[in-house]
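Trainee: Hi, could you walk me through this one? I'd like to talk about packing, cysteines and empty space.
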Amino acid sequence: MLVSYSNTFRTFITCAFLITALSQLQARNSKGPDWLSDAVFYEIYPSTFQDSDGDGIGDIQGIISRLDYVKSLGVNAIWLNPTYTSAWKDGGYDIIDYYSTDPRFGTNSDLIQLLDEAHKRDIKVCLDLVAGHTSDKCPWFIQSKSAKDERFSDYYIWIDELSPEEQVLYDSGQSNFVRCDSPRGKYYLKNFYDCQPALNYGYANPDPFKSWQQPTDAPGPQAVLRELKNIMSFWLDEGFDGFRVDMAASLIKEDPSRDAVKALWRNIRAWMDTDYPQCALIAEWSNPLNSVPAGFHIDFILPWANTHSACLFRPVGYFGSTQACWFDRAGKGNPAPFLEMFSKYYDCTHGKAWFSIPTSNHDQLRPAIPERCSPDELKIMMTFFLTLPGVPYIYYGDEFGLRYSPSLPDKEGSGPDRAGSRTPMQWDCSANCGFSSAPDSLLYLPVGPVDGGALTVASQEKDPQSLLNFTRNLIALRKSSPALANDGEWELLSDPQQAYPMVYRRFAPDGESYIIALNPSGAKVWTSLVTSTAKPAVQVGKVALSTRGCRMGGCSALVVRVCP
């Protein structure tokens, strides 16, 4: 009886352990890959990071040569902007072949070498996935134009005649249909530029009188969905660690509720959870209320898609902004709309997924602009970015204050705004700041201002007080602390109606807690919310702590650890 009882008890304990382990695994998988809990990403625009062959354009071998620098920052993941074969009418986001690397960057073998070298340094690599459209030079589109009964015929959306309403839009230049006069149809639907025909994932609510509006379960849309999974499998099977999805909400048409596109992405997420459970699915959606139910692990909060975010970063005159921003010495910004949005997105993601407010990216304004470029101003912004919950993303160069260059000419579809955020990486004071040995006339974009060499990696490496080393120290602090880490709790302490300072708390279940106070304005401010007199973990500018609170000089920041 004793042996029987012992065996039964052992079996019970084993089963209980397995059930608990399975539940924990399912809980982790429901949120995402384990490595995202301490991920800090670094975004690289390949054309302007490092040129290895002297043609004036960055390439994969150039990125490989700089991986030790990337590792030195403390980041452990890279997001690469598109490296696929492209027609280069939209900076690589007009893809001809999803299965090959563009010759300007190298070969597929080079890209796999980059992955292997990154993994040796414990750095994950995520690719960009342009899921909603191709280039009009893509073989799929060329075949789709020429016939109605071949493999790619229904990969795109074609019509012969515009409705009266659509004709009005077309005549005024506001239509999403592009004249083509091909055997397949007179017009095709675009997704962004005219050269980017939309892939046909179907219509959520097709009009029965418009035969070209196919339902999502029609053969054409289903074939496109299979192709998308094939593309993802091709690269994930090579070992890549996930994808950032461009324009993730744009796939299914006439879908105002986004229910149909959410269902599509849940399908992909379920497939990834089974076949690629440690690979990340990252949305360019800018609305976690939709992207999290759709199954994405991370969503970006981006100024172009969210005016509440734009009011924090974009001064009047930049990217069409007409309102004062909060990160400005003038002190006229209003953080209340942002904080209301942030609280809502934090509540819907915490414990379920992550969101990210990136330092900037290839489509938006850098923190450093001519009117906002002092080290203290940029340190306050970096303190903000690296003490928020969620997954941090640092755009190449922001870690040392690479400056936005206004009024650059259009380059490969960048338009008047985006080119200024895509200038070459500034490594040192050699020719072209070490980016390329090519003559100036061949550079992808001109090198930005270097301020006598101060705005280079080499110069800031030597200065313990530089923005570069400040960023490194912040990342190290974040990684050392459960409270400041990606999954730590967040609580707003200051009154959102009082614009300056912004004060919030990060804390963890073990009792560790940090209070962060930010004053980017040029005026002195007082807050009674910082009550610890402990030595600050981070301090920018003039700050006086007491048991009663904190007096902050203009353009200052504070991170204080509060003991459990």
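Mentor: Happy to. One term before we start: contact means heavy atoms within 4.5 Å. The model is predicted, so to speak of local features we need pLDDT of at least 70, and side-chain atom pairs count only at pLDDT 80 or more, while totals for chains, interfaces and linings use all residues. Residues are numbered from 1 along each chain as its sequence is written, and side-chain values use heavy atoms, with hydrogens and water left out.

Trainee: Okay, F507 then. What is F507 in contact with, leaving aside neighbours within four places in sequence?
Mentor: The partners of F507 are A483, G488, E489, W490, E491, E512 and S513. F507 itself sits in strand β15, residues 502-507; strands here are DSSP runs of E with at least two residues, helices are H or I runs of at least four, and both are numbered from the N terminus.

Trainee: Is F507 buried, exposed or partly exposed?
Mentor: F507 counts as partly exposed, because its relative accessibility is 21%. The scale is under 20% relative accessible area for buried, over 50% for exposed and partly exposed in between, using a 1.4 Å probe and protein chains only.

Trainee: And how far is F507 from R561 in space?
Mentor: They are 9.7 Å apart, C-alpha to C-alpha, with their positions 54 residues apart in sequence.

Trainee: Switching to the inside: which residues touch the most other members of the largest nonpolar core?
Mentor: Those are F41, Y42, Y69, M232, W265 and F384, in a core of 154 residues. Helix α7 (residues 219-236) gives the largest share of this core, 8 residues. A nonpolar core is a set of buried Ala, Val, Leu, Ile, Met, Phe, Trp, Tyr and Cys residues joined through side-chain atoms within 4.5 Å.

Trainee: What does F384 touch?
Mentor: Not counting residues up to four places away in sequence, F384 touches L312, F313, F327, F338, M502, Y504 and L518. There is also a second, separate core of 8 residues, including I157, L189, A198 and Y203.

Trainee: Now cysteines. How many disulfides?
Mentor: The count is 0, taking a disulfide as a pair of cysteine sulfur atoms within 2.5 Å. C325 is in no disulfide, and its nearest cysteine sulfur, that of C311, is 8.7 Å away. C325 is also buried, at 2% relative accessible area.

Trainee: Why is C555 not bonded to C373?
Mentor: Because the two sulfurs are 11 Å apart, too far for a bond, even though C373 has the closest cysteine sulfur to C555. C555 counts as buried too, at 2% relative accessibility.

Trainee: Last topic, empty space. How many cavities of 30 Å³ or more?
Mentor: The search of the whole structure finds 6. On a 1 Å grid over the protein atoms alone, a cavity is a set of points where a 1.4 Å probe fits but cannot get out, whereas a pocket is an open set with protein on both sides within 12 Å along at least five of seven lines; lining residues have an atom within 4 Å of a point. The largest cavity has a volume of about 80 Å³, and its lining includes P303, F313, R314 and F385.

Trainee: And what is the volume of the largest pocket?
Mentor: About 490 Å³. It has 26 lining residues, and N176, L189, Y203, K253 and E254 are the closest to its centre.

How values were computed: Grid points are joined across faces, edges and corners, and a volume is the space filled by probe spheres set on the points.
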